[in-house]
Amino acid sequence: MGSLSNTPGPVARSAFNTGMLAAAILGLAAIGALYAVGVADLVLVGYLVVLLFPLYLVFAASAINVWLGYGKDVTDLRPVYRPKNP
């Protein structure tokens, strides 16, 4: 008897999009707050937006993927081979 595979559906896709939008807004708001308080000058804000913000979004996407069940591990891999022709 084969194992049942439960794949995320359209609600998980919508939750991922909403989570990424929320993460992006939260990250940009944090950078804006640092600038408004005076902790970061314009050069540091540019560095944060250009170099660190995309990395933050990658980590946020990874966390949301695992949380929603999109994450795969080694047990989900199957060997790939071509049938031998006689």
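**Close-up 1. Tyr35 and its contacts beyond the local sequence.** In this predicted model, Tyr35 is in contact with Ala40, Asp41, Leu42 and Val45, once neighbours within four places in sequence are set aside. Tyr35 itself belongs to helix α1. For Val45, 10 residues away along the chain, the C-alpha atom is separated from that of Tyr35 by 7.0 Å. Is Tyr35 exposed, partly exposed or buried? With a relative accessible area of 45%, Tyr35 is partly exposed, because values between 20% and 50% fall in that class. Just after α1 comes Gly38, and its phi is positive, near 100 degrees.

**Close-up 2. Helix α1 and its buried residues.** Helix α1 takes in residues 10-37, 28 residues in total. From its first C-alpha to its last, α1 reaches 40 Å, close to the 40 Å expected at 1.5 Å a residue. Which residues of α1 are buried? They are Ala12, Gly19, Met20, Ala23, Ala24, Gly27 and Ile31. If you wonder what these buried residues of α1 pack against, the partner is α2.

**Close-up 3. Ala12 and its partners Leu68 and Tyr70.** Here we look at one of the buried residues of α1, Ala12. Its relative accessible area is 13%, so Ala12 counts as buried, the limit being under 20%. Not counting residues up to four places away in sequence, Ala12 touches Leu68 and Tyr70. Ala12 and Leu68 are 56 residues apart along the chain, yet their C-alpha atoms are separated by 6.3 Å. For the contact pattern of the whole protein, take the contacts with a separation of 6 or more: residues 24 or more positions apart account for 71% of them.

**Close-up 4. The aromatic pair in helix α2.** How many aromatic pairs does a search of the whole structure find? The search finds one. The pair is formed by Phe53 and Tyr56, whose ring centres are 6.0 Å apart and whose planes meet at 35 degrees, so the pair is tilted. Tilted is the class left between stacked, under 30 degrees, and edge-to-face, over 60. Both residues lie in helix α2, three residues apart, about one turn of the helix. The two residues also have their own accessibility classes: Phe53 counts as buried at 13% relative accessibility, while Tyr56 counts as partly exposed at 31%.

**Close-up 5. A nonpolar patch on the surface.** Nine side chains are worth picking out here: Leu28, Leu44, Tyr47, Val49, Val50, Leu51, Leu52, Leu55 and Phe59 form a nonpolar patch on the surface. Together they have about 830 Å² of accessible area. Which element gives the largest share of the patch? That is helix α2, residues 42-68, with eight residues. One of the patch members, Leu52, lies in helix α2 and counts as partly exposed at 35% relative accessibility.

**Close-up 6. The whole protein, for context.** Stepping back, the secondary structure comes to two helices and zero strands. Of the 86 residues in the protein, 17% are buried. The accessible surface comes to about 7,400 Å², and 69% of it belongs to carbon and sulfur atoms.

Definitions and conventions:
Residues are numbered from 1 along each chain as its sequence is written. This is a predicted model: local features need pLDDT of at least 70, side-chain atom pairs count only at pLDDT 80 or more; totals for chains, interfaces and linings use all residues. Side-chain values use heavy atoms; hydrogens and water are left out. Patches are made of residues with over 30% relative accessible area and no salt bridge: like charges are joined within 9 Å, nonpolar side chains (Val, Leu, Ile, Met, Phe, Trp, Tyr) within 5 Å. Accessible areas come from the Shrake-Rupley method with a 1.4 Å probe; for residues, only the protein chains shown count as cover. A salt bridge is a side-chain nitrogen of Lys or Arg within 4 Å of a carboxyl oxygen of Asp or Glu. Helices (H or I, at least four residues) and strands (E, at least two) are DSSP runs, numbered from the N terminus. Buried means under 20% relative accessible area, exposed over 50%, partly exposed in between (1.4 Å probe, protein chains only). Rings of Phe, Tyr and Trp (its six-membered ring) pair if their centres lie within 6.5 Å; planes under 30 degrees apart count as stacked, over 60 as edge-to-face and the rest as tilted. Contact means heavy atoms within 4.5 Å. The expected span of a helix is 1.5 Å times one less than its number of residues.
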